[in-house]
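Visitor: I should like a close look at one part of this protein, namely its nonpolar core and the parts of the chain that surround it. Please begin with the overall picture.

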Amino acid sequence: MWHEGAACRELGSRLFFHPAGERGPDRARRDAAAKEVCALCPVQRDCLRHALEVEEPFGVWGGLTERERRGLMADEDGRPALPCTA
């Protein structure tokens with residue numbers, strides 16, 4: 001499966017899922033650090049596609065936070081629209 005090649009595979013979930021009550025600059029720093037891992041990940045697009053397909057409500061997946069994923073628009077068929085990678 002795609003997750004076997006994920007850059008985060010051995011890092012645990014702490015970096016990618018915020019602890020209860022985390023807000024503001026602390027959350028922004030943790031999200032940014034998670035996104036740095038995602039930016040170098042060979043399966044980033046597959047990870048994002050999975051998170052969108054299952055409507056993952058928490059964490060950084062494929063380089064996007066839950067809020068950023070919610071902001072993606074659905075295409076005409078109701079499927080999540082993936083951002084272009086050129």
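**The core and its surroundings**

Guide: The secondary structure of this protein consists of 3 helices and 0 strands. Read along the sequence, these elements give the pattern α-α-α. The model is a predicted one, and its average pLDDT is 87, with 84% of the residues scoring at least 70. Confidence is highest in helix H1 (residues 24-39), at a mean of 97, and lowest in helix H3 (residues 66-71), at 90. A general caution belongs here: where pLDDT is low, the predicted coordinates should not be read in detail.

Some totals set the scene. The protein has 86 residues, of which 27% count as buried. Its exposed surface comes to about 6,200 Å², and carbon and sulfur atoms supply 55% of that area. Among contacts between residues at least 6 apart in sequence, 44% join residues at least 24 apart.

We may now turn to the core itself. In soluble globular proteins, nonpolar side chains tend to be buried together. Here the largest nonpolar core is made up of 5 residues: Phe-16, Ala-34, Val-37, Cys-38 and Val-60. Ala-34 offers a useful point of entry. With its neighbours within four places in sequence left aside, Ala-34 is in contact with Leu-15, Phe-16 and Val-60. Two of these partners, Phe-16 and Val-60, are members of the core along with Ala-34.

Leu-11 also touches members of this core. Leu-11 is placed in the segment before H1. If residues up to four places away in sequence are not counted, Leu-11 touches Phe-16 and Val-37. The C-alpha atoms of Leu-11 and Val-37 are separated by 9.7 Å, and the two residues are 26 residues apart along the chain. Leu-11 has a relative accessible area of 46% and is therefore partly exposed.

On another side of the picture stands Thr-65, in the loop between helix H2 (44-53) and H3. Its contacts, again without residues up to four places away in sequence, are Asp-31, Lys-35, Gly-59 and Val-60. Val-60 thus appears among the partners of Thr-65 and also in the list for Ala-34. Because its relative accessible area is 9%, Thr-65 is classed as buried.

The cysteines deserve separate attention, since Cys-38 belongs to the core. A disulfide is a covalent bond between the sulfur atoms of two cysteines. In this model the count of disulfides is 0. For Cys-38, the closest cysteine sulfur is that of Cys-47, at 6.1 Å, and this is too far for a bond because the two sulfur atoms would have to lie within 2.5 Å. Cys-38 is buried, with a relative accessibility of 9%. The sulfur of Cys-41 has its closest cysteine sulfur in Cys-8, at 6.1 Å, which is likewise too far for a bond. Cys-41 also counts as buried, since its relative accessibility is 14%.

Aromatic rings provide a further link within the chain. The model contains 1 aromatic pair. The ring centres of Phe-17 and Trp-61 are 6.2 Å apart and their planes stand at 80°, so the pair is edge-to-face; planes over 60 degrees apart are classed in this way. This pair connects distant parts of the chain, 44 residues apart: Phe-17 lies in the segment before H1, whereas Trp-61 lies in the loop between H2 and H3. The two partners fall into separate classes of accessibility: Phe-17 is partly exposed at 31%, while Trp-61 is buried, with a relative accessible area of 17%.

Two further residues complete the survey. His-3 is located in the segment before H1, and its relative accessibility of 31% makes it partly exposed. The C-alpha atoms of His-3 and Gln-44 are separated by 9.4 Å, with their positions 41 residues apart along the chain taken as the distance apart. Glu-55 is found in the loop between H2 and H3. Although Glu-55 is not a glycine, it has a positive phi of about 55°. Glu-55 counts as exposed because its relative accessibility is 66%, and the exposed class begins over 50%.

Note on methods
Residues are numbered from 1 along each chain as its sequence is written. Side-chain values use heavy atoms; hydrogens and water are left out. pLDDT is the predictor's confidence in each residue, from 0 to 100. Helices (H or I, at least four residues) and strands (E, at least two) are DSSP runs, numbered from the N terminus. A nonpolar core is a set of buried Ala, Val, Leu, Ile, Met, Phe, Trp, Tyr and Cys residues joined through side-chain atoms within 4.5 Å. Buried means under 20% relative accessible area, exposed over 50%, partly exposed in between (1.4 Å probe, protein chains only). Contact means heavy atoms within 4.5 Å. Accessible areas come from the Shrake-Rupley method with a 1.4 Å probe; for residues, only the protein chains shown count as cover. Rings of Phe, Tyr and Trp (its six-membered ring) pair if their centres lie within 6.5 Å; planes under 30 degrees apart count as stacked, over 60 as edge-to-face and the rest as tilted.
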